[in-house]
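Subject: Structure for you to look at

Hello,

Here is the structure I promised to pass on. Please open it first, then read my notes below.

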Amino acid sequence: MILSALSTIQAQEKHSPRTAGVDDTKMGPYRALAQLAVAASQKGDNATAAELARILERTWDKAEDYGGDTALSKTNHALFDQIDKAMDQFIAVLLDHPNAAPDSAKLKALYTNYLDKLKLAD
């Protein structure tokens, strides 16, 4: 179910230039890491999903919170807060389940919400 939603979302995102499957927008790397984490979870590789979620969190914090003058936290703090909260909720589900599958409906809803917030920053 999540995999089909992932395919639909990826199809909708094809309007952006892409390199090696990652859209070349400012939010593209975060979107790609989230997609990989969901795909790993869908395949039952929950440890990899949790690892990718943690990488997503660290990459986001380094670039968009502490990343200097172009960081989203500096250029649009309100939007940064929205995306950060959505990301935290999304990754928490994966981090809390490194050895078992998270609730798929909850994961799908949080993933979709996170991607929707990312679109606001592209």
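Please keep in mind that this is a predicted model.

**Overall layout**

The protein chain holds six helices and two strands. Along the sequence, the order is α-β-β-α-α-α-α-α. The chain has 122 residues, and 41% of them count as buried. I also looked at contacts between residues at least 6 apart in sequence. Of these, 62% join residues at least 24 apart.

**The core**

The largest nonpolar core contains 29 residues. Leu 56, Trp 60, Leu 72, Ile 83, Phe 90 and Tyr 114 have the most contacts inside it. Four helices give two or more residues each: H2 (28-42), H3 (46-65), H5 (77-95) and H6 (104-119). Helix H5 supplies the largest share, with nine residues.

Phe 90 is a good place to start looking. Setting aside neighbours within four places in sequence, Phe 90 touches Ala 34, Val 38 and Leu 56. Leu 107, Leu 110, Tyr 111 and Tyr 114 are also in contact with Phe 90.

**Helix H3**

Next, follow H3. This helix has 20 residues. From first C-alpha to last, H3 reaches 27 Å, close to the 28 Å expected at 1.5 Å a residue.

Which residues of H3 are buried? They are Asn 46, Ala 49, Ala 50, Leu 52, Ala 53, Leu 56, Glu 57, Trp 60 and Glu 64. Seen down the helix axis, the buried residues of H3 fall within an arc of 160°, so they line one face of the helix. They pack against H2, H5, H6 and helix H4 (72-75). On the other side of H3, Glu 51, Arg 58 and Lys 62 are exposed.

Two residues of H3 deserve a separate look.

- Asn 46 sits in H3. Its relative accessible area is 8%, under the 20% cut-off, so Asn 46 counts as buried. Leaving aside neighbours within four places in sequence, Asn 46 contacts Ala 40 and Ser 41. Asn 46 is also in contact with His 97, Pro 98, Asn 99, Ala 100, Ala 101 and Pro 102.
- Ala 47 also belongs to H3. This residue is partly exposed, at 46% relative accessibility. Ala 47 and Ala 100 are 53 residues apart along the chain, yet their C-alpha atoms are separated by 8.5 Å.

**Helices H2 and H6**

How do H2 and H6 run, roughly parallel or roughly antiparallel? Their axes come within 11 Å and cross at roughly 170°. Angles over 145 degrees count as roughly antiparallel, and H2 and H6 are therefore roughly antiparallel to each other. On the H2 side, the contact is made by Tyr 30, Arg 31, Ala 34, Gln 35, Val 38 and Ser 41. On the H6 side, Leu 107, Tyr 111, Tyr 114, Leu 115, Leu 118 and Lys 119 take part.

**One backbone detail**

Please also check Ala 20. This residue lies in the loop between strand E1 (18-19) and strand E2 (22-23). The phi of Ala 20 is near 55°, a positive value in a residue other than glycine. Most residues other than glycine have a negative phi. Is Ala 20 buried or exposed? With a relative accessible area of 81%, Ala 20 is exposed.

Best wishes

Methods. Residues are numbered from 1 along each chain as its sequence is written. This is a predicted model: local features need pLDDT of at least 70, side-chain atom pairs count only at pLDDT 80 or more; totals for chains, interfaces and linings use all residues. Side-chain values use heavy atoms; hydrogens and water are left out. A nonpolar core is a set of buried Ala, Val, Leu, Ile, Met, Phe, Trp, Tyr and Cys residues joined through side-chain atoms within 4.5 Å. Buried means under 20% relative accessible area, exposed over 50%, partly exposed in between (1.4 Å probe, protein chains only). Contact means heavy atoms within 4.5 Å. The expected span of a helix is 1.5 Å times one less than its number of residues. The arc is that of the directions from the helix axis to the C-beta atoms. Axes are lines fitted to C-alpha atoms, for helices over the stretch in contact, and angles run from 0 to 180 degrees between N-to-C directions. Angles under 35 degrees count as roughly parallel, over 145 as roughly antiparallel, 65 to 115 as roughly perpendicular and the rest as oblique.
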